[in-house]
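Me: I'm new to this one and would like to know the reasons behind the labels. Could you go through them with me?

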Amino acid sequence: MKTKSFYTVKEILLMGIMSALGMMAKPIFSPVFNALTDFIRRPGGSVTAGVSMMFIVFTAAYIHKKGAGALMGLCQALVSLSTGIGAAAGLPVVFTYTLPGVAIDLVLLSPLYKKDLKLCMMAAGACGVLAGAGATNILFFHLNFVSFILFYIFGILSGALGGYIAWSIYKRIGEYV
């Protein structure tokens with residue numbers, strides 16, 4: 001009996017490559033975003049995460065199958081652990097990187113996907129950053145209330161912007177990938 005795989009080889013390769021690209025983009029953009037957030041003495045990781053989420057949102061929206069975002073988050077966690085990018089915390093990054101992928105999956109698999117793809121992808125990016133920032137804050141930062149709110153506002157804006165950029169790319173090249 002021949003069984004059919006849930007993901008095609010093309011989809012698995014695309015998820016792996018885009019996950020790695022998302023992780024490799026973090027060290028490039030991190031100094032810029034940290035310079036913006038350092039003057040208010042707040043962590044810049046939630047802003048940088050929007051860049052990383054952009055890759056997950058684009059690919060999960062393109063593939064549009066259950067678990068694609070979570071699998072990409074897990075892939076990013078493994079890349080993080082193996083390369084040391086963002087893995088100063090060690091094994092908990094598996095949780096803090098996979099949870100945003102789950103959040104992205106939940107948004108992209110909602111009915112909003114068919115109604116308004118742009119809004120759905122922006123919400124997916126925002127929810128992904130929000131989930132990752134929440135997990136990071138609970139596990140590591142323990143920010144006070146004002147810092148907590150600023151951390152999330154920056155994260156939501158960054159994630160929504162990443163989702164918008166992902167939508168723009170999807171609209172232009174999605175059919176060619």
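**Reasons behind the labels**

Me: What makes Lys-65 partly exposed?
Reply: Happy to help! Buried means under 20% relative accessible area, exposed over 50%, and partly exposed in between (1.4 Å probe, protein chains only). Lys-65 has a relative accessible area of 23%, so Lys-65 is partly exposed. This is a predicted model, where local features need pLDDT (the predictor's confidence in each residue, from 0 to 100) of at least 70 and side-chain atom pairs count only at 80 or more, while totals for chains, interfaces and linings use all residues. Residues are numbered from 1 along each chain as its sequence is written, and side-chain values use heavy atoms, leaving out hydrogens and water.

Me: Why is the contact between Lys-65 and Glu-11 called a salt bridge?
Reply: The term needs a side-chain nitrogen of Lys or Arg within 4 Å of a carboxyl oxygen of Asp or Glu. Here N to O is 2.8 Å, so the pair qualifies. Lys-65 sits in the loop between α2 (45-63) and α3 (68-83) and Glu-11 in helix α1, so the pair ties together parts 54 residues apart in sequence.

Me: Is Glu-11 buried or exposed?
Reply: Buried, because its relative accessible area is 12%.

Me: How do you know that Cys-127 is not bonded to Cys-120?
Reply: A disulfide is a pair of cysteine sulfur atoms within 2.5 Å. The sulfur of Cys-120 is the closest cysteine sulfur to that of Cys-127, yet lies 9.4 Å away, too far for a bond. A search of the whole structure finds zero disulfides.

Technical notes
Helices (H or I, at least four residues) and strands (E, at least two) are DSSP runs, numbered from the N terminus.
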